[in-house]
Amino acid sequence: MYTFDYQRPGQADAAVAVLTANGDAKYLAGGQSLLPTMRLRLAQPSALVDVTRIASMKDITVSGGTVTIGAAVCHARVASSADVKKALPGLADLAGRIGDRQVRERGTIGGSLANDDPAACYPAAVLALNATVVTDRRRIAADDFFLGMYETALQPDELITAVEFPLAERAGYEKFRNPASHFALVGVFVAKGVTGVRVAVTGAAASVFRPTELEAALSKDFSVAAARGVKISPDTLNEDMHASAEYRAHLIPVLAGRAIERANAF
Ligand SMILES: Cc1cc2nc3c(=O)[nH]c(=O)nc-3n(C[C@H](O)[C@H](O)[C@H](O)COP(=O)(O)OP(=O)(O)OC[C@H]3O[C@@H](n4cnc5c(N)ncnc54)[C@H](O)[C@@H]3O)c2cc1C
């Protein structure tokens with residue numbers, strides 16, 4: 001590791017001011033992605049601005065049909081929150097299956113979304129539940145947030161402060177996990193809400209996406225059989241040492257069916 005400045009402000013605007021003044025600085029959440037990247041010298045920020053002590057970014061609230069999770073809330077807190085378990089059990093269930101216990105105690109929802117790993121779990125929930133990413137300066141709809149591999153709509157100094165999830169009638173997630181990291185080889189989140197059915201797939205392509213053919217089928221019939229009846233084209237899917245594009249295409253309807261089973265069981 002090389003030397004860098006470390007700051008730990010108590011307010012969001014103070015954190016943003018540091019990055020606005022220093023384009024070479026980076027926000028630090030749990031460090032689960034950023035610190036390994038720095039160790040590999042793939043990133044060499046001159047300053048790290050720790051956002052995990054900003055009290056306004058550590059709340060979980062349920063009010064008016066919305067679950068709001070502060071960006072600095074770690075996965076373990078989402079998984080164990082009685083409020084989230086009651087209001088959106090599928091989201092708590094997803095958080096409880098991210099990585100291992102250490103990763104869940106350190107990793108945050110804000111860090112996960114800003115990092116936008118193509119195999120991360122939270123982006124699938126954010127997109128399928130039609131959540132809103134709240135930053136220090138604006139509100140970004142899930143459909144506009146994820147732009148590509150490790151690429152989001154965030155400006156370099158923009159700070160995610162919270163994520164707002166509308167409640168769903170039924171919602172669930174299933175992933176075929178990489179046994180070493182628990183990241184999703186393929187993961188599917190299904191959500192049935194007042195505005196219809198939304199489905200989001202992670203791990204299978206450059207970025208999380210909504211499979212329109214699955215959404216159309218599940219809008220008519222929100223069932224395991226309907227999910228399993230959909231055929232997904234492998235044409236734009238990832239192919240790597242872990243799985244072929246055809247295998248990933250096969251997994252998507254299978255996991256969508258299992259996600260429905262999970263959603264029905266809550
Ligand atoms: C072994 C291992 C297994 C894992 N398994 C899974 C898994 O199964 N599923 C899964 O989804 N994830 C998994 N992860 C990822 C992990 O859960 C974290 O969500 C992810 O690494 C981000 O970590 P972090 O919150 O500590 O952010 P950091 O590493 O601190 O930051 C990541 C990036 O986000 C930026 N950032 C952080 N907070 C903010 C903010 N509030 N606003 C704007 N930018 C911000 C940082 O500047 C940095 O660029 C795994 C990680 C590890 C190390």
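Is Cys 74 buried or exposed? Let me start there, friends, and work outwards. Cys 74 is buried, because its relative accessible area is 13% and the cut-off for buried is under 20%. Before I go on, please keep in mind that this is a predicted model.

Staying with cysteines, what about Cys 121? That residue also counts as buried, at 5% relative accessibility. Now, how many disulfides does a search of the whole structure find? Zero. The reason is distance: the sulfur of Cys 74 has its closest cysteine sulfur in Cys 121, 15 Å away, and that is too far for a bond. Seen from the other end, the closest cysteine sulfur to Cys 121 is the one in Cys 74, again at 15 Å. For reference, a disulfide needs the two sulfur atoms within 2.5 Å.

Cys 121 takes us straight to the ligand, which I expect is what you came for. The ligand is surrounded by 30 residues, and Cys 121 is among the closest, together with Tyr 27, Ser 33, Thr 108 and His 182.

Let's go through some polar atom pairs. At Thr 108, a backbone N or O atom sits 2.7 Å from a ligand oxygen. At His 182, a polar backbone atom is 2.6 Å from an oxygen atom of the ligand. And at Ser 181, a polar backbone atom lies 3.1 Å from a nitrogen atom of the ligand. In each of these three pairs, then, the protein side is a backbone atom.

How much of the ligand does the protein bury? On its own the ligand exposes 970 Å², and 89% of that is buried by the protein.

Which elements give two or more residues to the shell? Those are β2, residues 25-28, and α7, residues 109-115. The largest share comes from α7, with four residues. If you sort the shell by class, you get 14 nonpolar residues, 13 polar ones and three charged ones.

Now zoom out to the domains. The assignment for this chain gives domain 1, covering 1-50, and domain 2, covering 170-265. Their centres, taken over C-alpha atoms, are separated by 34 Å. Even so, each of the two domains supplies at least three residues to the shell around the ligand.

Next, a side-chain contact for those of you who like to check polar pairs. Where is Asp 157? You will find Asp 157 in the loop between β9 (151-152) and β10 (160-166). Although Asp 157 is in a loop, this residue counts as buried, because its relative accessibility is 16%. The side chain of Asp 157 makes a polar contact with the side chain of Thr 20, at 2.8 Å.

Last stop: backbone angles. Most residues other than glycine have a negative phi. Which way do Arg 41 and Asn 130 go? Both have a positive phi, near 65° for Arg 41 and about 55° for Asn 130. Arg 41 belongs to the loop between α2 (34-39) and β3 (47-50), while Asn 130 is in the loop between α8 (122-128) and β6 (132-135). As for exposure, Arg 41 is partly exposed, with a relative accessible area of 43%. Asn 130 is partly exposed too, at 31%.

That's my tour, thank you for listening, and I'm happy to take your questions.

Methods: Residues are numbered from 1 along each chain as its sequence is written. This is a predicted model: local features need pLDDT of at least 70, side-chain atom pairs count only at pLDDT 80 or more; totals for chains, interfaces and linings use all residues. Side-chain values use heavy atoms; hydrogens and water are left out. A residue is near a molecule or strand if one of its heavy atoms lies within 4 Å of it. A polar contact is a pair of N or O atoms within 3.5 Å; within protein, one must be able to donate a hydrogen and the other to accept it, and residues adjacent in sequence count only if both atoms are side-chain atoms. Accessible areas come from the Shrake-Rupley method with a 1.4 Å probe; for residues, only the protein chains shown count as cover. Ala, Val, Leu, Ile, Met, Phe, Trp, Tyr, Cys and Pro count as nonpolar, Asp, Glu, Lys and Arg as charged, and the others, Gly among them, as polar. Domain bounds come from an automatic or database domain assignment. Buried means under 20% relative accessible area, exposed over 50%, partly exposed in between (1.4 Å probe, protein chains only).
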